[in-house]
Structures are given as C-alpha cells and as structure tokens.
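Visitor: Got a minute to walk me through this one? I'd like to start with the packing.
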Amino acid sequence: MMLRRGFILFLPRLVGLLVVACCSMSIVYMLACTPKGDNQQLALPRVHSPTVKDGYEAILEEREEQHRNYIVSLKKQIAQLKAELQGRTEQLKNMQNQYPDPLDIQLDHSTPEKAQANLLAFLRSQVDKAEVHSGVKLSTEYAAVPFESFTLQKVYQLETGLTRHPEEKPVRKDKRDELIEVIELAVGSLNKPDGVSKAKPRVYTASDFVEGIYRTEKNKGTLYELTFKGDAKHQFKKIVLFRPFGPVMKVKNENVNMADTLINVIVPLAKRASKFRQFMQNFREMGIQHDGRIHLTVVYFGTEQMNEVKSILENTSKSANFKNFTFIQLNEEFSRGKGLDVGARFWKGNNVVLFFCDVDIYFTAEFLNSCRLNTQPGKKVFYPVLFSQYNPSIIYGHHDSIPSLEQQLIIKKETGFWRDFGFGMTCQYRSDFINIGGFDLDIKGWGGEDVHLYRKYLHSNLMVIRTPVRGLFHLWHEKQCLDELTPEQYKMCMQSKAMNEASHGQLGMLVFKQEIETHLHRQKLSSKKT
C-alpha cells in the first residue's frame with residue numbers, strides 16, 4: 001500500500017524529467033542543423049527556406065572560382081610544355097649541325113677536315129641505303145634493277161636498243177676505263193697482306209678474273225661483284241665493291257633568253273611534192289604560227305616537180321604572210337649531204353641555229369625550243385633521238401581505220417621506236433658547222449653523210465647532247481633502196497626498211513597469219529558441233 005502511494009507520487013516527476021530531456025534534445029538538434037559560416041562548407045538550403053536563391057548563387061560562384069583556378073593551372077602546364085619543347089628543338093638543331101643528315105648534306109668548306117668528314121659520312125650512308133648488304137621489298141617485277149655481266153673481253157648487256165648487240169666489247173672509253181679500274185682495285189685488294197697468315201701469299205693478277213656483274217642505282221651508286229679463281233679447283237674469291245655517288249652540287253644558275261634566237265630549217269629535196277605539202281602544213285602550224293622565230297631553206301635537186309614545190313612554198317608565204325624562206329635549185333643528182341652543206345653556207349646573216357631536217361619529219365614548237373636550249377656556239381651541238389613511226393597500215397589494220405596524223409603521233413611501243421641509230425636530224429650553230437668542216441661531199445645518195453658529221457663533232461672539243469625528244473617524229477613512208485647504192489649503203493637502207501615496218505609482235509602476227517586463221521577456223525567448227 002505504501003509502495004503504490006510512493007509510485008503515484010514519483011510518476012509526475014518522471015514525466016517532467018522526460019519532457020525536459022526531449023526539449024533539450026530538440027534544442028541540440030536545431031543547433032546542429034543550423035547553416036555554418038561563410039568559411040565553412042554550405043549545406044543545401046531547404047526548398048521552403050527563404051535563402052534558396054542566395055544559397056544557389058553562392059554555390060555557383062564557388063564552382064566558377066574552382067574552374068578559373070583549374071584553367072590557370074592548365075595554362076601554366078601548357079607554358080611549361082612549350083618551354084620544354086623549345087628546349088628539345090634547340091638540342092636537336094645542335095645535334096643536326098654537329099652530325100648533318102646525309103640526305104641533305106651541305107659540305108662546309110670552312111675547313112678541309114670538316115668538308116672531308118661530311119663527305120665521307122655521306123658516302124658511307126650511300127652504301128647503307130643501296131641494295132648491297134640485303135635486299136629491299138619491291139612493289140612489282142619491273143622495279144628490280146637488273147645487273148649486267150662482264151668478262152675481260154666482253155660486256156653482256158640487257159637493255160640493248162635496236163643497234164647494240166646482246167654481247168659486245170666495251171668500246172665506249174668511259175665504260176672500258178671503268179671496268180678496268182674496278183678489276184685493278186679488286187686485284188690490289190686481294191694482294192693486300194692480311195697480317196694473319198704466315199704463309200707466302202698468292203699473287204693475283206687480272207688473268208685470275210672469272211666474271212663480274214654490276215648495276216647502277218641512279219641516286220646511290222654502282223655495285224660491282226667480281227669473282228676470281230681460288231686456290232683449288234672449285235674455290236673462288238669474291239670481291240664486292242661499291243662506287244657511291246656524291247651529293248648533288250650546284251654547277252650553274254643562269255637565265256637563258258631565246259627571244260631573238262632564229263632557227264634556219266634546211267630541207268634537201270628532190271621530187272616528193274606531196275610529202276612537201278604535208279611538211280609545209282606542219283611547218284606553218286608549228287614553225288610560223290606557234291614559234292615565229294624561224295627561217296626555211298629548201299635546196300631542190302633537178303627540175304622534176306620543182307614548179308609544184310615552189311607553188312606550195314609561195315602559197316604558204318602568201319596565206320601566212322611569211323617571207324623568211326630561201327629556195328635554192330641545183331641541177332645535179334640528189335645528195336643529202338650536199339644539199340644541207342649548200343643550204344648552211346648560203347646563209348649570209350648573223351650566226352644562226354641550223355636545224356638539218358627531212359621532208360618526212362614532223363616537229364612541234366616545243367622541239368624548236370629544245371633545239372635552241374641544247375645548242376651553244378663553240379660549246380654544244382644537239383643530236384636528238386627522234387621517234388620513228390611504224391607502218392600505219394599494219395598498226396591500224398585496214399586503210400579506212402587509220403586515224404588522223406595528229407592522232408597517230410603517240411609514243412608507244414606499238415606505234416614506233418626510238419631511232420637511236422639515226423643521226424640525220426641535228427641542231428648546231430652555223431659557226432660550229434663551218435669550223436668543223438661541214439659534210440663530206442664525196443658521199444653520194446642515201447646514208448653515211450650524217451654519221452661522218454656526227455663523228456667529226458665527237459672528235460672535237462664540242463659537247464654532243466644526245467637524248468630522246470618527245471616532239472620530233474619520223475613519219476612512215478615506203479623506203480626505196482636503189483641499185484646504185486654501194487653494198488654498205490644498200491645494207492644500211494634495207495636494215496632501216498625492216499625496222500620501220502612494225503614491232504616484233506606485229507610482224508610475228510603477219511608471219512603466222514595463216515596458222516592463226518587456221519586455229520580460229522577450227523575453233524569455229526568445234527563450237528558449232530557442240
């Protein structure tokens with residue numbers, strides 16, 4: 001009874017204590033959840049709080065400040081990287097100056113030692129770049145540079161052209177001297193003491209040379225592999241030599257003004273009026289209309305068809321308002337050398353470029369400029385290799401399918417060939433022609449006079465420029481080899497006639513025409529049976 005009365009009296013006090021505790025906890029919670037000061041992290045404002053806008057602005061300002069600081073840091077890092085890159089670039093330049101690139105070597109002639117060191121470095125790099133120690137990957141079967149083989153007596157060459165033999169003695173002095181030098185260097189290398197063997201060394205001579213091969217990579221050098229007899233029957237000594245090409249050096253830099261350089265085209269002629277009409281069409285278009293710095297000299301032999309030729313010349317003169325021509329008539333048997341010689345000596349003006357031409361030649365205005373650029377009085381004469389046209393009737397089949405002349409003048413193996421055995425078309429200054437002695441007038445008829453003049457220039461101190469040109473064509477015509485020619489001239493004429501007709505493949509189709517037709521006929525019958 002007493003306990004129940006005491007508990008009832010203590011209960012109101014307990015409730016009061018609990019109320020006080022709850023109030024205290026509420027106050028503590030409110031203090032803990034109140035937003036902190038400006039120097040502390042901001043809490044997200046409550047949605048219904050009156051400070052929502054201010055809170056968001058403060059957060060955005062802080063984030064913006066953080067991004068600005070990040071950008072400033074990146075800019076500092078970029079500046080540091082640029083400074084490091086510039087420093088590395090300066091170091092690389094210093095290294096390049098100290099060790100120049102062999103591909104872009106500029107020899108420093110300030111001291112002989114430095115120039116020699118740079119040159120030796122370049123030459124060694126040429127050996128490393130060439131296909132000497134190992135092979136290189138090639139794109140096609142045509143990319144391989146072939147070797148040519150040689151012995152003490154002969155050279156076996158692959159690119160023979162139309163007049164060179166598959167095997168020939170090295171008649172060119174430069175080639176003969178080159179191979180002799182290489183063999184002598186190899187013999188000297190074999191006889192050089194090695195400093196190891198105590199036995200009496202064998203003495204090698206050129207007679208021990210068995211064979212050699214060589215090839216030239218145009219921008220690197222020439223590789224030679226030479227084989228010599230060894231000490232026993234099946235033993236050999238092999239020497240590999242390399243002649244590196246040096247760096248490209250500037251020799252001359254000059255302006256060339258050809259505005260006033262006149263060309264005198266000299267054409268010897270007998271009959272052939274229809275060919276002359278075709279020639280004058282080409283002369284008018286390329287010589288008069290496109291070039292304009294040109295003179296024509298026609299040396300005519302005999303009187304047959306002479307009036308027709310003169311009429312063609314005069315009509316061209318009137319229609320094109322062209323007065324720069326000379327017509328010379330000779331009452332004698334045709335001689336190409338005599339006609340060219342007479343035409344060259346007839347000129348009475350200043351020194352002029354002479355272009356010795358034939359009536360079956362087609363030239364372009366670009367060729368006339370090449371004629372000027374490759375001749376120089378007292379220094380250079382020009383012997384272009386022209387492109388000779390095959391028989392259009394064979395190339396294009398039936399007569400009705402033959403295209404126009406301009407469309408035929410394309411440089412392809414099916415349409416013609418480089419006439420590397422012809423020396424008749426040539427450009428030189430008149431002064432050089434006179435000083436060399438002109439043509440040999442004892443040569444009559446066709447052939448021989450051009451080779452004789454060519455040899456005169458080769459034996460002189462003049463530089464002979466011999467190169468294929470894309471703007472000079474020999475038009476096909478049926479060649480007549482007269483009985484009056486000497487045996488040597490007749491042989492040359494017949495060789496020229498054979499080469500003019502068609503390519504080997506096209507002539508083969510003619511030779512085996514009957515077999516081809518028989519095969520096609522059998523194929524046709526077989527297809528009908530099936």
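Guide: Sure. A nonpolar core here is a set of buried Ala, Val, Leu, Ile, Met, Phe, Trp, Tyr and Cys residues joined through side-chain atoms within 4.5 Å. Keep in mind that this is a predicted model.

Visitor: OK. How many residues has the largest nonpolar core?
Guide: 42 residues. Those with the most contacts inside it are Val265, Phe276, Phe279, Phe283, Phe355 and Phe367.

Visitor: Which helix gives the most to this core?
Guide: Helix α5, residues 273-291. It gives seven residues.

Visitor: And what is Phe283 in contact with?
Guide: Leaving aside neighbours within four places in sequence, Phe283 contacts Val265, Ile288, Ile294, Leu296, Phe322 and Phe363.

Visitor: What lies apart from that core?
Guide: Another core, of 18 residues. Ala344, Leu354, Val451 and Leu462 are among them.

Visitor: Back to Val265. Which strands pair with β7?
Guide: β7 covers residues 263-269. It pairs in the parallel sense with β8 (residues 294-301), over seven bridges. It also pairs in the parallel sense with β10 (residues 353-356), over four bridges. Val265 has Leu296 as its bridge partner in β8, and Val265 stands opposite Phe355 in β10.

Visitor: What's the handedness of the crossover from β7 to β8?
Guide: Right-handed. The chain goes from β7 through α5 to β8, a β-α-β crossover.

Visitor: Are the faces of β7 covered or open?
Guide: Both are covered. Ile263, Val265, Val267 and Leu269 are buried on one side, and Asn264, Ile266 and Pro268 on the other. Seven of the seven residues are buried, so β7 is largely enclosed by the rest of the structure.

Visitor: Switching to α13. Which residues are buried there?
Guide: Gln489, Cys493, Ser496 and Asn500. Seen down the axis of α13, the buried residues fall within an arc of 65°, so they line one face of the helix.

Visitor: What covers them?
Guide: The cover includes β12 (380-389), β13 (416-418) and β15 (463-474). The face turned away from the buried side carries Pro487 and Glu488, which are exposed.

Visitor: How far apart are the end C-alpha atoms of α13?
Guide: 22 Å. At 1.5 Å a residue, its 15 residues should span 21 Å, so that agrees.

Visitor: Last one. Where does Ile410 lie?
Guide: In the loop between α10 (405-408) and β13. Ile410 is partly exposed, with a relative accessible area of 35%. Not counting residues up to four places away in sequence, Ile410 touches Phe387 and Thr415. Its C-alpha atom is separated by 9.0 Å from that of Gln389, 21 residues apart along the chain.

Key:
Residues are numbered from 1 along each chain as its sequence is written. This is a predicted model: local features need pLDDT of at least 70, side-chain atom pairs count only at pLDDT 80 or more; totals for chains, interfaces and linings use all residues. Side-chain values use heavy atoms; hydrogens and water are left out. Helices (H or I, at least four residues) and strands (E, at least two) are DSSP runs, numbered from the N terminus. The expected span of a helix is 1.5 Å times one less than its number of residues. Buried means under 20% relative accessible area, exposed over 50%, partly exposed in between (1.4 Å probe, protein chains only). The arc is that of the directions from the helix axis to the C-beta atoms. Contact means heavy atoms within 4.5 Å. Two strands pair if DSSP finds at least two bridges between them. A crossover is right-handed if, with the strands pointing away from the viewer, the path from the first strand over the helix to the second runs clockwise.
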